[in-house]
Amino acid sequence: MSHQIAIDGPAGAGKSTIAKIVSKKLGFIYVDTGAMYRTMALYLSRLSVDPDNMEEIGDKAQSAEITIKYIDGEQVVMLGDENVNGLIRSPEVSAMASKTSQVARLRTKLVELQQKLSETENVVMDGRDIGTVVLPNADLKIYLTASVQVRAQRRYKEMIEKGQEAVFSDIEKDIEERDYRDMHREASPLMQAEDAVLVDTSNMSIEEVADKIIELYNNK
């Protein structure tokens, strides 16, 4: 029987970073669902799909070949035969993913793959609807959050360290808009599962958050 930890929360809460640490310490497989949605967004962008045409998005999504490989315990997302890990973190792909991920038919296709992975492997999975839709029976559900300002500061620092141009007010506005879209979309809106533990990371280090989640899992 496999074991599952579901981590949900808004953009910039540190879900992916923390999920990777938790999975490594527990010896679980890390499944970055956001990377799968970003890969789908990259695929649709290459097809010049209109991000506001929900029917076209749903149709084109069905032909995407998105798989996951694990190399030295790290997830590599494949679009067909192409490793796209280095192509799916741009602002353009992020914006496309936020819009297209609202389409129910697209979500259904990706959820099937995510659930199939969790049936045979011990997983830590992060996203926006993991505890509510993808893994409703997970051993532990976490809802990570932080204030908009703190999340914007983190994103700003990350971009500056990478040598990218960044305007704090633009980042803050983008996060607020993404929160609204994620929470108000028709298909699987972002929300805290009733049995999820709320963890506010605003005043916690990454390691402190990871240790807290592991403590909660071990005490289950």
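1. Contact here means heavy atoms within 4.5 Å. With that in hand, take D32 as a way into this predicted model. Setting aside residues up to four places away in sequence, D32 touches S16, Q75, R89 and D126. Its home is strand β2, which covers residues 29–32. Is D32 buried or exposed? Its relative accessibility is 3%, and buried means under 20%, so D32 counts as buried.

2. Stay with D32 a moment and look at what its side chain does. The side chain reaches the backbone nitrogen of G34 at 3.1 Å. A polar atom of that D32 side chain also lies 3.1 Å from the backbone nitrogen of A35. For a longer jump along the chain, try Q114: D32 and Q114 are 82 residues apart in sequence, yet their C-alpha atoms are 9.4 Å apart in space.

3. Now for the charged partner of D32. Side chains of opposite charge can pair when their charged atoms come close. D32 forms a salt bridge with R89, with 2.8 Å between the closest N and O atoms. Why does this pair tie together separate parts of the chain? D32 lies in strand β2 while R89 lies in the loop between β5 (82–83) and α4 (91–100), so the linked parts are 57 residues apart in sequence. R89 counts as partly exposed, at 45% relative accessibility, whereas D32 is buried at 3%.

4. There are other salt bridges to look at; the structure holds 12. One of them joins D52 to K99, where the closest N and O atoms are 3.6 Å apart. This pair links distant parts of the chain, 47 residues apart: D52 is in the loop between α2 and α3 (54–61), and K99 is in helix α4. D52 counts as exposed, at 57% relative accessibility, and K99 is partly exposed, with a relative accessible area of 34%.

5. A little more on K99, since you'll have it on screen. Leaving out neighbours within four places in sequence, K99 is in contact with P51 and D52. You can also find R185 from here: K99 and R185 are 86 residues apart along the chain, and 9.3 Å separates their C-alpha atoms.

6. Next, look at R151 and D179. Their side chains meet in a salt bridge, at 2.7 Å from N to O. The pair links distant parts of the chain, with R151 in helix α7 (residues 148–161) and D179 in helix α8 (residues 168–184), 28 residues apart. How accessible is R151? R151 counts as buried, at 3% relative accessibility, and D179 counts as buried at 8%. Elsewhere, salt bridges that share partners join K25, E207 and D211 into one network.

7. On to the sheet that β2 belongs to. It is an open sheet of 5 strands with parallel pairing, in the order β2-β6-β1-β7-β8. Which strands stand at the edges? They are β2 and β8 (197–200), each with a single partner strand, so one side of each is left without a neighbour in the sheet. From one strand to the next, the twist averages 20°.

8. For a close look at one pairing, go to β7 (residues 140–145) and β8. These strands run parallel and are joined by 4 bridges. L144 has V199 in β8 as its bridge partner.

9. Helices pack against this sheet too. Helix α1 (residues 15–26) lies across β1 (4–8), β2, β6 (123–127) and β7, and runs at about 175° to β6. Helix α5 (residues 104–120) packs on the sheet as well, touching β1, β2 and β6, and its direction makes about 155° with that of β6.

10. Last, the nonpolar interior. How many residues does the largest nonpolar core have? It has 35, and those with the most contacts inside it are V31, M40, L44 and L106. Helix α2 (residues 33–46) supplies the largest share of this core, 8 residues. A second, separate core has 19 residues, including I7, A13, I142 and I213. Going back to L106, and leaving aside neighbours within four places in sequence, its contacts are Y37, M40, L44, I57, A61, T100 and S101.

Key:
Residues numbered from 1 in each chain as written. Predicted model: local features only at pLDDT ≥ 70, side-chain atom pairs only at ≥ 80, totals over all residues. Heavy atoms only, no water. Core = buried A, V, L, I, M, F, W, Y, C linked by side-chain atoms within 4.5 Å. Buried < 20%, exposed > 50% of the residue type's maximum accessible area, 1.4 Å probe, protein only. Helix = DSSP H or I, 4+ residues; strand = E, 2+ residues; numbered from the N terminus. Polar contact = N/O pair within 3.5 Å; in protein donor to acceptor, adjacent residues only side chain to side chain. Salt bridge = Lys/Arg side-chain N within 4 Å of Asp/Glu carboxyl O. Pairing = 2+ DSSP bridges. Axes fitted to C-alpha atoms, helices over the stretch in contact; angles between N-to-C directions.
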